[in-house]
Amino acid sequence: MQQKPKKILISTYKPSKVYGGFIYATMLKEVLSRHFQVDSLNLSFENKLPLYLKIPKILIKLWESGKRTDYDFVIKDLDSCLFLNKKPVKTIVFIHHIDYSFASSLVRLGYFFFIPLISKNLRKAKAIVVVSKYWENYFKEKGYNNVYLIYNAFNLDDFNFSEQEIAEFKKKHNLIEK
């Protein structure tokens with residue numbers, strides 16, 4: 001009898017512009033989908049609601065997703081681990097970076113209250129996956145022992161350049177003989 005494939009839920013926010021953490025989650029889903037059933041939970045709201053209405057909706061969605069037990073693994077970004085799923089679901093948290101300097105005052109105020117709960121939940125997670133030595137050391141120095149380093153991936157074919165393209169780039173950026 002063939003064993004059913006593991007079910008994985010990846011929860012993240014879809015940014016208005018595609019940056020590191022979202023790209024990381026997208027690549028993660030692509031790779032895992034080759035061997036597992038992978039679903040996505042997008043926690044963002046792309047409508048024109050004001051922020052003070054979006055935040056409660058996001059918190060409700062996070063809380064509801066945390067009650068789900070129909071997945072073997074839940075992979076969350078840092079913000080999504082405000083509420084963890086109950087056992088037997090295993091939670092893996094991926095952290096691309098931590099930076100709230102770009103956020104509005106209202107969001108930064110919220111994080112003032114949420115960070116202690118997020119930090120507590122990180123200790124309960126099966127694994128914390130980071131993308132750099134800096135973040136690996138950061139979490140290990142804070143006493144987390146479930147930290148794993150997996151560097152960002154990229155398609156090597158995107159970086160195949162001809163000698164002429166390299167020469168033009170060096171000339172354009174004043175890198176000749178450097």
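A residue counts as buried when its relative accessible area is under 20%. Keep that cut-off in mind for this tour of a predicted model.

**Whole chain**

Start with the cartoon view. The chain has five helices and six strands. Trace them along the sequence and the pattern reads β-α-β-α-β-β-α-β-α-β-α. Color by burial next: 32% of the 178 residues count as buried. Then turn on contacts. Of those with a separation of 6 or more, 53% join residues 24 or more positions apart.

**Stop 1: Asn146**

Select Asn146. This residue sits in the loop between α4 (133-141) and β6 (147-149). Is Asn146 buried or exposed? Its relative accessibility is 7%, so Asn146 counts as buried.

Now show its side chain and look for polar partners. A polar side-chain atom of Asn146 lies 2.8 Å from the backbone oxygen of Ala125. The backbone oxygen of Leu122 is 3.2 Å from a polar atom of the same side chain. Widen the selection to everything Asn146 contacts, skipping neighbours within four places in sequence. You should pick up Leu122, Arg123, Ala125, Lys126, Ala127 and Ile128.

**Stop 2: the largest nonpolar core**

Stay on Leu122 and Ile128. Both are among the residues with the most contacts inside the largest nonpolar core, which has 25 residues. Add Leu78, Cys81, Ile95, Val130 and Phe139 to complete that list. Which elements give two or more residues to this core? They are α2 (51-66), β4 (90-95), α3 (105-124), β5 (127-130) and α4. The most comes from α3, with three residues.

Nonpolar side chains tend to be buried together in soluble globular proteins.

Center on Val130. Leaving out residues up to four places away in sequence, Val130 touches Ile95, Trp135, Glu136, Phe139, Val147, Tyr148, Leu149 and Ile150.

Then jump to a second, separate core of 10 residues. Select Ile8, Ile10, Tyr24 and Val38, which are included in this second core.

**Stop 3: the second largest pocket**

Switch to the surface view. Select Leu84, Asn85, Lys86, Lys87 and Lys124. Of the 18 residues lining the second largest pocket, these five lie nearest its centre. The volume of this pocket is about 400 Å³.

What classes of residue make up the lining of the second largest pocket? Color by class to see eight nonpolar, six charged and four polar residues. At least two lining residues come from each of α2, β4 and α3. The largest share, three residues, is from α3.

End on α3: this helix gives the most to the largest core and the largest share to the lining of the second largest pocket.

Definitions and conventions: Residues are numbered from 1 along each chain as its sequence is written. This is a predicted model: local features need pLDDT of at least 70, side-chain atom pairs count only at pLDDT 80 or more; totals for chains, interfaces and linings use all residues. Side-chain values use heavy atoms; hydrogens and water are left out. Helices (H or I, at least four residues) and strands (E, at least two) are DSSP runs, numbered from the N terminus. Buried means under 20% relative accessible area, exposed over 50%, partly exposed in between (1.4 Å probe, protein chains only). A polar contact is a pair of N or O atoms within 3.5 Å; within protein, one must be able to donate a hydrogen and the other to accept it, and residues adjacent in sequence count only if both atoms are side-chain atoms. Contact means heavy atoms within 4.5 Å. A nonpolar core is a set of buried Ala, Val, Leu, Ile, Met, Phe, Trp, Tyr and Cys residues joined through side-chain atoms within 4.5 Å. On a 1 Å grid over the protein atoms alone, a cavity is a set of points where a 1.4 Å probe fits but cannot get out, and a pocket is an open set with protein on both sides within 12 Å along at least five of seven lines; lining residues have an atom within 4 Å of a point. Grid points are joined across faces, edges and corners, and a volume is the space filled by probe spheres set on the points. Ala, Val, Leu, Ile, Met, Phe, Trp, Tyr, Cys and Pro count as nonpolar, Asp, Glu, Lys and Arg as charged, and the others, Gly among them, as polar.
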